[in-house]
Amino acid sequence: MDTLANTRSIVGALLPVEELSSAALLSGLEAHKEKPLIFSYDGRDVRPSYHVTEVKTGSFRALDCGASPESWSETFIQLWEIEEENRGHMPAGKFLAIIRKVDEAVGFDPQARLTFEVSDGVRPMQIYRAERMDAGDAAIRVYLSARPSSCKPRDRWLQDQQFCCAPKAKQPCCG
């Protein structure tokens, strides 16, 4: 077994996945206000009768496992996936109106990290990140993927290695 090749594939799998920021999500929805907004997660679409039950914004300060201080802003959007008859997916414009109301009442940082909390009211909430958005002819779809835990010092190291060893990089670590 080639240990170096396995290490590369493992390291590659551990690099953070790109995420949509709050600003990217909102600007993407702005041009499609009339289209139904569909969130997809775990290989399926959220039920058409979902509700946005809560939007929380906050600033966090923490100490990571390497004893380095961390700080960030984060927005949590809670989706309640219930079954109601005669309802279609929420239009993107209605979602934007909810966010405007949040901004007026408590403030909204468009650069904040974006986290979705999804539950059907019975099972525990699951935590997701917005990975990408596709605007089709009939609807706009936001793909959510599970938000795994991570080690911030390791993530910073991997990011530095990726940058440092990129083609044409003239950094001391490239040898």
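1. Let's start with the layout. From the N terminus on, the elements of the protein chain run α-α-β-β-β-β-α-β-β-β-α. That gives the chain four helices and seven strands. Keep in mind that you're looking at a predicted model.

2. Now the hairpin. Strand S3 covers residues 51–63 and strand S4 covers residues 69–80, and the two pair in the antiparallel sense over 12 bridges. To find your way along the pairing, try Lys 56, which stands opposite Phe 76 in S4. Five residues sit between the strands of this hairpin, and Ala 67 takes a positive phi there, near 65°.

3. Next, the cysteines. How many disulfides does the structure hold? The count is zero. You might wonder about Cys 65 and Cys 151, since each has its closest cysteine sulfur in the other. The sulfur atoms are 3.4 Å apart, which is too far for a bond, because a disulfide needs the pair within 2.5 Å.

4. Are these two cysteines buried or exposed? Cys 65 is exposed, with a relative accessible area of 64%. Cys 151 counts as partly exposed, at 26% relative accessibility.

5. Finally, the chain as a whole. Of its 175 residues, 31% are buried. The protein chain exposes about 10,900 Å², and carbon and sulfur atoms supply 54% of that area. As for contacts, take those between residues at least 6 apart in sequence: 68% of them join residues at least 24 apart.

Key: Residues are numbered from 1 along each chain as its sequence is written. This is a predicted model: local features need pLDDT of at least 70, side-chain atom pairs count only at pLDDT 80 or more; totals for chains, interfaces and linings use all residues. Side-chain values use heavy atoms; hydrogens and water are left out. Buried means under 20% relative accessible area, exposed over 50%, partly exposed in between (1.4 Å probe, protein chains only). Two strands pair if DSSP finds at least two bridges between them. Contact means heavy atoms within 4.5 Å. Accessible areas come from the Shrake-Rupley method with a 1.4 Å probe; for residues, only the protein chains shown count as cover.
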